Amino acid sequence: MTARDIRLTLLGKPGCHLCDDARAVVQGVIAEFEAATDAAPRIVLDERSILDDAQLHARYAEEIPVLLIDGEVHDFWRVDATRLRTALLGD
């Protein structure tokens with residue numbers, strides 16, 4: 001990652017319909033940023049399943065999907081596109 005990269009981490013599990021909804025919102029917002037300008041930060045999305053990590057499962061099992069921005073919890077259960085855009089713009 002470069003200094004202008006923003007890392008998004010989507011925590012969920014297979015078969016979770018809220019996780020599928022969250023993924024669609026996050027991917028849509030990323031696509032908007034990629035289409036906007038070259039000056040926009042690069043956004044890197046990492047998806048992790050809580051079923052593959054006992055610590056993640058213990059911490060987030062009742063909150064998935066969980067979206068982290070640079071390691072900090074941003075949203076859980078439902079990801080709001082407007083709120084995510086605002087956070088990514090740093091406003």
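These are my notebook entries on salt bridges, a surface patch, a helix pair and some backbone angles in a predicted model.

**Entry 1. Salt bridges**

I searched the whole structure for salt bridges and got seven. I looked at three pairs in detail.

I began with D20 and R23. Their closest N and O atoms are 2.9 Å apart, and the pair forms a salt bridge. I then checked where the two residues sit: both are in helix α1, which covers residues 17–36. They are three residues apart, about one turn of the helix. I looked up the accessibility of each partner. D20 has 41% relative accessibility and counts as partly exposed. R23 comes out at 24%, which also puts R23 in the partly exposed class, because that class begins where buried ends, at 20%.

My next pair was R59 and E63. Their side chains meet in a salt bridge, at 3.4 Å from N to O. For R59 I noted a relative accessibility of 46%, so R59 is partly exposed.

The third pair was D75 and R83. I found their side chains joined in a salt bridge with an N to O distance of 3.0 Å. Is D75 buried or exposed? D75 is buried, at 11% relative accessibility, because the cut-off for buried is under 20%. R83, by contrast, is partly exposed, with 42%.

I also asked which residues are linked through shared partners. D20, R23 and E47 are joined into one network by salt bridges that share partners.

**Entry 2. Nonpolar patch**

I looked for nonpolar side chains on the surface and noted a patch formed by V73, F76 and W77. Together the three have about 280 Å² of accessible area.

I placed two of the members. F76 is in strand β4, residues 72–76, and its relative accessibility of 34% makes F76 partly exposed. W77 lies in the loop between β4 and α3. With a relative accessible area of 44%, W77 is partly exposed too.

**Entry 3. Helices α1 and α3**

Two packed helices are described by the angle between their axes and the distance between the axes. I looked up both values for α1 and α3, the latter being residues 81–89. The axes come within 10 Å and cross at roughly 45°. The two helices are therefore oblique to each other, because an angle has to be under 35 degrees to count as roughly parallel and from 65 to 115 to count as roughly perpendicular. I recorded the hand as well: the crossing of α1 past α3 is right-handed.

**Entry 4. Backbone angles**

Which peptide bond did I note as cis? I noted the one from I64 to P65, where omega is near -5°. I located P65 in the loop between α2 (54–60) and β3 (66–69).

I then turned to positive phi values in residues other than glycine. D70 has phi near 50° and is not a glycine. This residue lies in the loop between β3 and β4. I looked up its accessibility: D70 is partly exposed, at 46%.

W77 appears here again. Its phi is positive, about 70°, although W77 is not a glycine. I had already entered W77 as a member of the nonpolar patch with V73 and F76, and as a residue of the loop between β4 and α3.

Notes
Residues numbered from 1 in each chain as written. Predicted model: local features only at pLDDT ≥ 70, side-chain atom pairs only at ≥ 80, totals over all residues. Heavy atoms only, no water. Salt bridge = Lys/Arg side-chain N within 4 Å of Asp/Glu carboxyl O. Helix = DSSP H or I, 4+ residues; strand = E, 2+ residues; numbered from the N terminus. Buried < 20%, exposed > 50% of the residue type's maximum accessible area, 1.4 Å probe, protein only. Patch = residues over 30% accessible without salt bridge, like charges linked within 9 Å, V, L, I, M, F, W, Y side chains within 5 Å. Areas by Shrake-Rupley, 256 points an atom, 1.4 Å probe, with all protein chains shown as cover. Axes fitted to C-alpha atoms, helices over the stretch in contact; angles between N-to-C directions. Parallel < 35°, antiparallel > 145°, perpendicular 65-115°, else oblique. Left-handed = near helix turned anticlockwise from the far one by under 90°.
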